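Please work through the exercises below with the sequence and the coordinates open beside you, and try each task before reading its solution.

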Amino acid sequence: MGFEEKVKKNKNTIYVPDIARITRIEYLSPTEKVFKIVFDDEEIKNKFEFKPGQFVELTVFGLGEAPFSIVSNPTNKDFFKLCIRNVGNISSALHRMVEGTKIGIRGPFGNGYFPCQKMKNHNVLLIAGGLGIAPLMSLIRYILHYREDYKEIMVVYGAVNPGSILFKNEIQYWSNRGDISLCLSVDNPDNKWTGEIGVCTKLIPRVDFPSNDTYITVCGPPIMYRYVIDELEKKKFKPENIYLSLERRMECGVGKCNHCHIGDKLVCVDGPVFNLWEIRNLKEAL
Ligand code: FES
């Protein structure tokens with residue numbers, strides 16, 4: 001019995017992936033690519049829905065699976081996209097793949113996601129460091145899709161150098177729109193760089209959104225969180241309005257293996273997005 005037949009036969013288990021296909025691969029940087037994915041089965045494709053901040057488990061057949069955040073706009077129903085950095089076995093296998101390759105998908109997972117409904121009629125500040133822009137992309141694309149539902153929007157994004165800035169074309173598009181503010185910063189500029197220099201945390205004091213009318217989302221390397229939170233607290237933003245996407249070593253994605261626990265929370269089930277109020281007393285969370 002081939003793998004696909006086995007998959008069809010065992011459809012009731014949460015560990016069995018659905019068969020999908022990589023239909024397009026976009027080069028973003030020397031280490032990141034975006035994969036556009038379409039389910040083979042029309043019914044599965046139609047049923048698949050996700051919220052900004054959720055993730056899927058992607059299977060490379062014969063090798064294993066790994067979790068990845070969804071970066072596309074949830075309003076696109078025919079496909080979804082993942083931004084994948086070439087850092088491990090699964091991701092490097094994916095980076096060697098060509099368009100048309102079959103993969104497996106489980107998910108979407110995560111009961112904690114960015115609360116785009118609550119954010120309506122408020123300002124939204126999105127803070128990203130490095131690859132942390134990826135989990136925020138789905139939210140930014142959603143908010144821009146329903147732009148009139150939100151007040152001011154600002155993206156603060158820091159990268160190591162100009163070459164490592166991801167989604168450059170989209171950032172250019174945002175800057176042309178004129179209805180979203182952008183603050184880009186790099187640690188190591190080249191001689192063409194005209195933006196800010198240094199860690200993106202330094203840009204937060206300039207944000208003049210009112211603390212009682214603003215939702216904030218943060219995603220980046222673990223070291224960034226404490227500094228960002230310090231700056232946000234100085235500006236008196238409410239902890240319950242600050243949402244952080246946490247990355248932990250995830251395996252099963254469904255609350256069974258316990259690899260992703262922080263205190264009494266499981267990142268895969270309770271997160272991966274938490275508000276600061278929920279996790280501020282959990283050791284190791286930040
Ligand atoms: S990834 Fe297995 S419990 Fe969270």
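The exercises that follow concern a predicted model, and they deal in turn with sheet pairing, a crossover unit, salt bridges and a single threonine.

**Exercise 1. Lay out the six-stranded sheet.**

Task: Establish in which order the six strands of the open sheet lie, and which strands form its edges.

Solution.

Step 1. The six strands follow the order 4-3-6-1-2-5 and form an open sheet in which the pairing is antiparallel. Strand 4 (64-69) and strand 5 (80-85) are the edge strands, since each of them pairs on one side only. On average, and with direction ignored, neighbouring strands of this sheet are turned by 40 degrees against each other.

Step 2. Strand 3 (residues 55-60) runs antiparallel to strand 6, and four bridges join the two; within this pairing, F55 has F109 in strand 6 as its bridge partner.

Step 3. Seven bridges hold the antiparallel pairing of strand 1 (residues 18-27) with strand 2, where R24 is matched with K36 as its bridge partner in strand 2. The connection between strand 1 and strand 2 is a hairpin of four residues.

Step 4. Strand 2 also pairs with strand 5, in the antiparallel sense and over six bridges, and here E32 finds its bridge partner in R85 of strand 5.

Step 5. As for its surroundings, strand 2 (residues 32-39) is mostly covered, with six of its eight residues buried.

**Exercise 2. Trace the parallel strands.**

Task: Determine what handedness the β-α-β unit made by strand 8, helix 5 and strand 9 has, and how many bridges join strand 8 to strand 9.

Solution.

Step 1. Strand 8 and strand 9 run parallel and are joined by six bridges; one residue pair to look for is Y157 with its bridge partner L184 in strand 9.

Step 2. Together with helix 5, these two strands make a β-α-β unit that is right-handed.

Step 3. Strand 9 pairs further with strand 10 (residues 196-197), again in the parallel sense and over two bridges, and in strand 10 it is E196 that stands opposite S185.

**Exercise 3. Follow the salt bridges between loops.**

Task: Among the salt bridges of the model, locate those made by D149 and D179, and decide for each of the residues involved whether its relative accessible area makes it buried or partly exposed.

Solution.

Step 1. The structure holds 15 salt bridges in total, and one of them brings the side chains of D149 and K120 together at 3.8 Å, N to O. Because D149 lies in the loop between helix 4 (133-145) and strand 8 (153-159), while K120 lies in the loop between strand 6 (102-109) and strand 7 (123-129), the pair ties together parts that are 29 residues apart in sequence.

Step 2. D149 has a relative accessibility of 23% and counts as partly exposed, and K120 is likewise partly exposed, with a relative accessible area of 25%.

Step 3. D179 meets R147 in a salt bridge of 3.6 Å, N to O. This pair links distant parts of the chain, 32 residues apart, with D179 in the loop between helix 5 (168-177) and strand 9 (181-186) and R147 in the loop between helix 4 and strand 8.

Step 4. The cut-off for a buried residue is a value under 20%; R147, at 14% relative accessibility, therefore counts as buried, whereas D179, with a relative accessible area of 25%, is partly exposed.

Step 5. D179 also forms a salt bridge with R177, in which the closest N and O atoms are 2.8 Å apart, and R177 counts as partly exposed at 28% relative accessibility.

Step 6. Elsewhere, R21, D40 and K102 are joined into one network by salt bridges that share partners.

**Exercise 4. Place T101.**

Task: Find where T101 is located, and which residues T101 contacts beyond its neighbours within four places in sequence.

Solution.

Step 1. T101 is found in the loop between helix 3 (89-96) and strand 6.

Step 2. With neighbours within four places in sequence left aside, T101 is in contact with A20, R21 and I22.

Step 3. The side chain of T101 also reaches the backbone oxygen of V98, at 2.6 Å.

Step 4. As a check on distances, T101 and V156 are 55 residues apart in sequence, and their C-alpha atoms are 35 Å apart in space.

Notes
Residues numbered from 1 in each chain as written. Predicted model: local features only at pLDDT ≥ 70, side-chain atom pairs only at ≥ 80, totals over all residues. Heavy atoms only, no water. Salt bridge = Lys/Arg side-chain N within 4 Å of Asp/Glu carboxyl O. Buried < 20%, exposed > 50% of the residue type's maximum accessible area, 1.4 Å probe, protein only. Pairing = 2+ DSSP bridges. Right-handed = clockwise from strand over helix to strand, strands pointing away. Axes fitted to C-alpha atoms, helices over the stretch in contact; angles between N-to-C directions. Contact = heavy atoms within 4.5 Å. Polar contact = N/O pair within 3.5 Å; in protein donor to acceptor, adjacent residues only side chain to side chain.
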